[in-house]
Amino acid sequence: MAISGVKNDRGEMRILENLDELRTDLADYIAELSEAAVKERGVFAIALSGGSLIGLMSKLCEAPYNKTVDWGKWYIFWADERVVAKSHSDSNYKLAKDGFLSKVPIVPSHVHSINDSVSAEEATDEYTFVIRQLVKTRMVSVSDISDCPKFDLILLGMGPDGHVASLFPNHAVLDEKDEWVTFITDSPKPPPERMTFTLPVINSASNVAIVVTSESKAEAVHLAIDNIGPDNPSVPARLVQPTKGKLVWFLDKSAASKLDSLRFSE
Ligand SMILES: O=C(O)[C@H](O)[C@@H](O)[C@H](O)[C@H](O)COP(=O)(O)O
């Protein structure tokens, strides 16, 4: 049976029996947040990542969500993007377009992907500018405690090394405090050039979900969630701590298998 809604100071944990249940729970969660944001603000500003996350969002493209979600009010962003052409198989934009955006009626002008025809640095500056304009018009809300944008939802995956977005273990990018969006040119996971939201932006969101599946990530899940000592930059996912927002972990049983709460309760 799925263990759902367990809470500790690392957020809410939703541990699902299998991938099918996880897909359903994730679709419900996103649809509910969309409904709440549209009711409150008239729009829903959501940031996506790459990797297995997009496939795990697939139920949103099916009934009832394809009909019930207010797609016209969605504004799409990327929490991280690989600096490659949008037609390249490494592109997070392409992944999301093929697997999700092309299957639901999102307004094309609401899709804010990075410029793939300039350098990583220029693309980052442009992306920051785009977000700034949308914050001005409140299509993206603003945090009341930092000057950061407050996305309604930031969706993250996590690698077996504990990275989220393109924030890699022990990388200087984890110390970025001033910029909203930044870039790296030495990603340990190919391709090397990436643009990423910074921790202050991730931690200013109203909601952050980290979606993790498979046994290969069980140790990183344990290190990111369990009480194993002071936070440190060797597990970036541990540094995801929304200041006022809500953090939810979506885990399948294999990814959750090394959590203290599960090991000791079985
Ligand atoms: O561009 C990227 O590489 C991703 O945005 C990255 O942060 C991803 O979410 C994790 O690496 C998990 O990927 P998987 O779920 O495929 O393991």
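In the predicted model, three strands form an open sheet in the order β5-β10-β9, and their pairing is antiparallel. Strands β5 (80-82) and β9 (181-184) occupy the edges; each has a single partner strand, so one side of each is left without a neighbour in the sheet. From one strand to the next, the twist averages 15°. The pairing of β9 with strand β10 (residues 194-197) is antiparallel and comprises four bridges. Within this pairing, phenylalanine 183 has methionine 195 of β10 as its bridge partner. Helix α5 (residues 120-136) lies across β9 and β10, and runs at about 165° to β9.

A second set of pairings involves strand β3 (residues 44-48). Strands of a sheet pair through backbone hydrogen bonds, in either the parallel or the antiparallel sense. Strand β3 runs parallel to strand β4 (residues 74-78), to which five bridges join it. In this pairing, alanine 45 of β3 stands opposite tyrosine 75 in β4. Strand β3 also pairs with strand β8 (residues 153-157), again in the parallel sense, over two bridges. Here the bridge partner of alanine 47 is isoleucine 154 in β8.

Strand β3 is mostly covered, with five of its five residues buried. In a regular strand, side chains alternate between the two faces of the sheet. In β3, Phe44, Ile46 and Leu48 point one way, whereas Ala45 and Ala47 point the other way. Residues on both sides of β3 are buried.

The largest nonpolar core contains 91 residues. Ile30, Trp74, Phe77, Phe100, Phe197 and Trp249 are the residues with the most contacts inside this core. Helix α1 (residues 19-41) gives the most to the core, contributing nine residues. For tryptophan 249, the contacts beyond its neighbours within four places in sequence include Arg10, Glu12, Met13 and Arg14. Tryptophan 249 is also in contact with Met158, Ile210, Val212, Ala224, Ile225 and Ala237.

With regard to annotation, an unreviewed UniProt entry lists residues 19-249 as "domain: Glucosamine/galactosamine-6-phosphate isomerase". In the model, this span is 29% helix and 17% strand. The C-alpha atoms at the two ends of residues 19-249 lie 14 Å apart.

Note on methods:
Residues numbered from 1 in each chain as written. Predicted model: local features only at pLDDT ≥ 70, side-chain atom pairs only at ≥ 80, totals over all residues. Heavy atoms only, no water. Pairing = 2+ DSSP bridges. Axes fitted to C-alpha atoms, helices over the stretch in contact; angles between N-to-C directions. Contact = heavy atoms within 4.5 Å. UniProt positions renumbered as here; feature names shortened; annotations may be inferred. Core = buried A, V, L, I, M, F, W, Y, C linked by side-chain atoms within 4.5 Å. Buried < 20%, exposed > 50% of the residue type's maximum accessible area, 1.4 Å probe, protein only.
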